[in-house]
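Biologist: Hi, can you walk me through this one? I'd like to get the strands straight and then look at a few residues.

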Amino acid sequence: DNLSGNGAPLVVSSFGESRATIEAGTGYGFYAHNVAGIEIRNLNFRGSGYTRNTNHGILFYNDLPGDVKLVHIVIDQVEVSGFRKSGITLGAWNGNSGFRDARITRAVVHDIDSVGINVFGEFDHTKTGYAHRNIYVGHCHVYKIYGLILPDKHSGSGIVLSDVDGGTIEHSVVHTSGMQNRNCGGPVGIWAWDANNVTIQYNEAYNMSAGSGCDGGGFHLDGGVTNSVMQYNYSHDNDGAGYLVAQFEWARPMRNNIIRYNISENDGRKNDYKGI
């Protein structure tokens with residue numbers, strides 16, 4: 001019963017001493033539609049390569065009517081590589097339906113085309129509330145997120161939270177991504193947008209590329225972020241800003257955010273960006 005969180009979760013894991021590998025080919029590694037109460041532990045998910053695969057590594061997707069938040073997702077000690085759309089995604093697209101109490105920990109995500117770890121909901125600047133609640137990303141390593149070659153959309157980010165009320169990204173490293181980006185408004189290592197009460201702390205982001213476009217920064221609070229904190233992060237050797245704050249047209253209001261106790265070293269290598 002994953003609507004209320006009662007009952008034992010379904011656990012998908014390896015049997016025996018070594019870690020099993022799911023060979024996904026051109027498909028999904030793991031796809032869950034309108035269900036939660038699931039734990040994925042100690043597995044490798046391998047697609048046929050970011051230029052050949054057409055799907056996500058791990059995708060949880062909720063489009064139920066009625067603003068339903070499905071409860072309990074754990075993704076722990078996985079390696080995800082060789083997928084086009086994303087390594088790990090929690091997605092929703094029906095009002096404020098989404099997921100609650102989700103944890104992504106000790107994940108290694110690499111050789112992906114579009115985005116490493118991504119949480120999104122149905123964006124509507126007129127709505128109140130958020131699709132997801134209590135989302136935790138910790139101790140993850142994301143690299144070689146190349147970026148889809150798109151002229152009109154950013155691509156190649158490491159870890160992104162949006163449409164989240166209560167989120168944390170900590171003790172994670174993102175690097176060497178965004179190389180194929182062509183858009184201005186491009187990839188950032190770790191960032192949030194359209195979210196409330198997000199903490200981004202104790203992370204490192206380096207060697208982020210703008211590609212032939214712009215950005216390629218370390219950390220970012222983007223449009224509609226409120227009541228959030230970015231602290232104790234280390235950004236270095238990025239094309240874009242170490243720490244970027246931006247509000248875009250048609251975003252919800254941005255307010256009451258704190259950026260403190262961070263380090264920027266050798267950032268802003270292209271396009272006249274700066275540390276902040």
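Modeller: Sure. A word on terms before we start: two strands pair if DSSP finds at least two bridges between them. Keep in mind too that this is a predicted model.

Biologist: Okay, with that in hand, how many bridges join β4 and β6?

Modeller: Eight bridges, and strand β4 (residues 38-47) runs parallel to β6. One spot to click on is Leu43, which stands opposite Val78 in β6.

Biologist: Which way does β6 pair with β8, parallel or antiparallel?

Modeller: Parallel, over seven bridges, with β8 covering residues 98-105. Val74 has Arg103 of β8 as its bridge partner.

Biologist: And what about β6 and β9, how many bridges there?

Modeller: Three, again in the parallel sense. There, Glu79 has Val108 in β9 as its bridge partner.

Biologist: How many residues of β6 are buried?

Modeller: 10 of the 13 residues of β6 (residues 69-81) are buried, so the strand is largely enclosed by the rest of the structure.

Biologist: Back to β9 for a second. Is Ile112 buried or exposed?

Modeller: Ile112 sits in β9, which spans residues 108-112. It counts as buried because its relative accessibility is 0%, and the cut-off for buried is under 20%.

Biologist: How far is the C-alpha of Ile112 from that of Gly158?

Modeller: They are separated by 9.8 Å, with the two positions 46 residues apart along the chain count.

Biologist: Let's change topic. What is the strand order in the open sheet of eight strands?

Modeller: The order is β3-β5-β7-β10-β13-β16-β19-β22, and the pairing is parallel. The edge strands are β3 (30-33) and β22 (243-245), each of which pairs on one side only. On average, neighbouring strands of this sheet are turned by 10° against each other, ignoring direction.

Biologist: Can you zoom in on one pair? How many bridges link β16 and β19?

Modeller: Four, with β16 (residues 188-193) and β19 (residues 217-221) running parallel. Trp191 has His220 in β19 as its bridge partner.

Biologist: Now pockets. What volume does the largest pocket have?

Modeller: About 600 Å³.

Biologist: Which residues lie nearest its centre?

Modeller: Lys153, His154, Val160, Trp191 and Trp193, out of 26 lining residues. So Trp191 turns up again, after its bridge to His220. The elements giving two or more residues to the lining are β10 (115-120), β13 (157-162) and β16.

Biologist: How does the lining divide into nonpolar, polar and charged?

Modeller: There are 11 nonpolar, 11 polar and four charged residues.

Biologist: I'm curious about a histidine too. Where is His132?

Modeller: His132 is in strand β11, residues 132-138. It is buried, because its relative accessible area is 0%.

Biologist: What does its side chain reach?

Modeller: The side chain of His132 reaches the backbone oxygen of Phe120 at 2.8 Å.

Biologist: Now Ser18, buried or exposed?

Modeller: Exposed, since Ser18 has a relative accessible area of 54%, and the cut-off for exposed is over 50%. Ser18 is in the loop between β1 (10-12) and β2 (20-25). Its C-alpha is 9.0 Å from that of Asn42, 24 residues apart along the chain.

Biologist: One more set of strands. Which way do β15 and β18 pair, parallel or antiparallel?

Modeller: Parallel, with four bridges between β15 (residues 173-177) and β18 (residues 204-208). His175 is matched with Tyr206 in β18. β18 is also joined to β21 (residues 234-236) by three bridges, in parallel, and there Glu204 has Tyr234 as its bridge partner.

Biologist: What about the backbone of Thr176, what is its phi?

Modeller: About 55°, a positive value although Thr176 is not a glycine. Thr176 is in strand β15.

Biologist: And what is phi for Tyr261?

Modeller: Near 60°, also positive in a residue other than glycine. Tyr261 is in the loop between β23 (258-260) and β24 (263-265), and it counts as exposed because its relative accessibility is 53%.

How values were computed: Residues numbered from 1 in each chain as written. Predicted model: local features only at pLDDT ≥ 70, side-chain atom pairs only at ≥ 80, totals over all residues. Heavy atoms only, no water. Axes fitted to C-alpha atoms, helices over the stretch in contact; angles between N-to-C directions. 1 Å grid on protein atoms, 1.4 Å probe; cavity = no way out; pocket = protein on both sides within 12 Å on 5 of 7 lines; lining within 4 Å. Points joined across faces, edges and corners; volume = space filled by probe spheres on them. Nonpolar A, V, L, I, M, F, W, Y, C, P; charged D, E, K, R; others polar. Buried < 20%, exposed > 50% of the residue type's maximum accessible area, 1.4 Å probe, protein only. Polar contact = N/O pair within 3.5 Å; in protein donor to acceptor, adjacent residues only side chain to side chain.
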